[in-house]
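Please work through the following exercises with the sequence and the structure open beside you. Each task is followed by a solution that goes step by step.

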Amino acid sequence: MLNIESGIDSLTNFKRQTAEYLERLHQSGEPVVLTVNGKAQVVVQDAAAYQKLVDAAMKAERDETIAAIREGLADVEAGRTKPARPALKALAKKYNIPMSGK
């Protein structure tokens, strides 16, 4: 989580005190937003903290995919499906898309 008190600083300060910033990043695991002319330009983060963020995002995506598959399977079991070919033909007709094949 970004700490508003200490998590925003200028790129100039970061360049002047890189070693100190890197130590703080390693110890806290919290990112730092670096600004140029007062506007946020880049986020610097410890590699281990970044990997945790990537892993969490991948898990969330995987969980969403699994939930969607389960929902689809439940629809099939409950008979809430239609054959694909008639649905595709209807969409093609609606949007004036030529159909290849049958």
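**Exercise 1. Describe the hairpin formed by β2 and β3, and find the residue in its turn that has a positive phi.**

Step 1. In this predicted model, β2 and β3 form a hairpin with 2 residues between them, and the two strands pair in the antiparallel sense over 5 bridges.

Step 2. Two of the facing pairs can be named: Val36 has Lys39 of β3 as its bridge partner, and Thr35 stands opposite Ala40, also in β3.

Step 3. The residue asked for is Asn37, which lies in the loop between β2 and β3 and has a phi near 55 degrees, a positive value in a residue other than glycine.

Step 4. Is Asn37 buried or exposed? A residue counts as exposed when its relative accessible area is over 50%, and Asn37, with a value of 79%, is therefore exposed.

**Exercise 2. Place the hairpin in its sheet, giving the order of the strands and the sense in which they pair.**

Step 1. The sheet is open and has 3 strands in the order β1-β2-β3, with mixed pairing.

Step 2. The edge strands, each pairing on one side only, are β1 (residues 8–10) and β3 (residues 39–44), and from one strand to the next the twist averages 35 degrees.

Step 3. The mixed pairing can be followed strand by strand, since β1 and β2 run parallel and are joined by 3 bridges, whereas β2 and β3 are antiparallel. On the β1 side, Asp9 stands opposite Leu34 of β2.

**Exercise 3. Decide whether Thr35 is buried or exposed, and list what Thr35 touches.**

Step 1. Thr35 has its place in strand β2, a strand that is mostly covered, with 4 of its 5 residues buried.

Step 2. The cut-off for a buried residue is a relative accessible area under 20%; Thr35 has 14% and is therefore buried.

Step 3. Leaving aside residues up to four places away in sequence, Thr35 touches Ile8, Asp9, Ser10, Leu11, Ala40 and Gln41.

Step 4. For contrast, take Glu20, which is located in helix α2: its relative accessibility is 52%, so Glu20 counts as exposed. The C-alpha atom of Glu20 is separated by 13 Å from that of Asp9, although the two residues are 11 places apart along the chain.

**Exercise 4. Identify the residues of the largest nonpolar core and the elements that supply at least two of them each.**

Step 1. A general tendency is useful here: in soluble globular proteins, nonpolar side chains tend to be buried together.

Step 2. The largest nonpolar core has 6 residues, namely Phe14, Tyr21, Leu25, Val32, Leu34 and Val44.

Step 3. Helix α2 (residues 18–28) and strand β2 (residues 32–36) each supply at least two residues of this core.

Step 4. Taking Val44 as an example, and not counting residues up to four places away in sequence, its contacts are Phe14, Leu25, Pro31, Val32 and Leu34.

**Exercise 5. Check whether the span of helix α3 agrees or disagrees with its number of residues, and then describe its ends.**

Step 1. Helix α3 covers residues 47–78, which makes 32 residues, and at 1.5 Å a residue the expected span is 46 Å.

Step 2. The end C-alpha atoms of α3 are 46 Å apart, so the span agrees with the expected value.

Step 3. At the N-terminal end, Asp46 caps α3, with a side-chain oxygen 3.1 Å from the backbone nitrogen of Ala48.

Step 4. After α3 comes Gly79, whose phi is positive, near 75 degrees.

Step 5. A positive phi is also found at Asn96, with a value of about 55 degrees, although Asn96 is not a glycine. Asn96 lies in the segment after α4 (residues 84–94), and with a relative accessible area of 71% Asn96 is exposed.

Definitions and conventions:
Residues are numbered from 1 along each chain as its sequence is written. This is a predicted model: local features need pLDDT of at least 70, side-chain atom pairs count only at pLDDT 80 or more; totals for chains, interfaces and linings use all residues. Side-chain values use heavy atoms; hydrogens and water are left out. A nonpolar core is a set of buried Ala, Val, Leu, Ile, Met, Phe, Trp, Tyr and Cys residues joined through side-chain atoms within 4.5 Å. Buried means under 20% relative accessible area, exposed over 50%, partly exposed in between (1.4 Å probe, protein chains only). Contact means heavy atoms within 4.5 Å. Two strands pair if DSSP finds at least two bridges between them. Axes are lines fitted to C-alpha atoms, for helices over the stretch in contact, and angles run from 0 to 180 degrees between N-to-C directions. The expected span of a helix is 1.5 Å times one less than its number of residues. A polar contact is a pair of N or O atoms within 3.5 Å; within protein, one must be able to donate a hydrogen and the other to accept it, and residues adjacent in sequence count only if both atoms are side-chain atoms.
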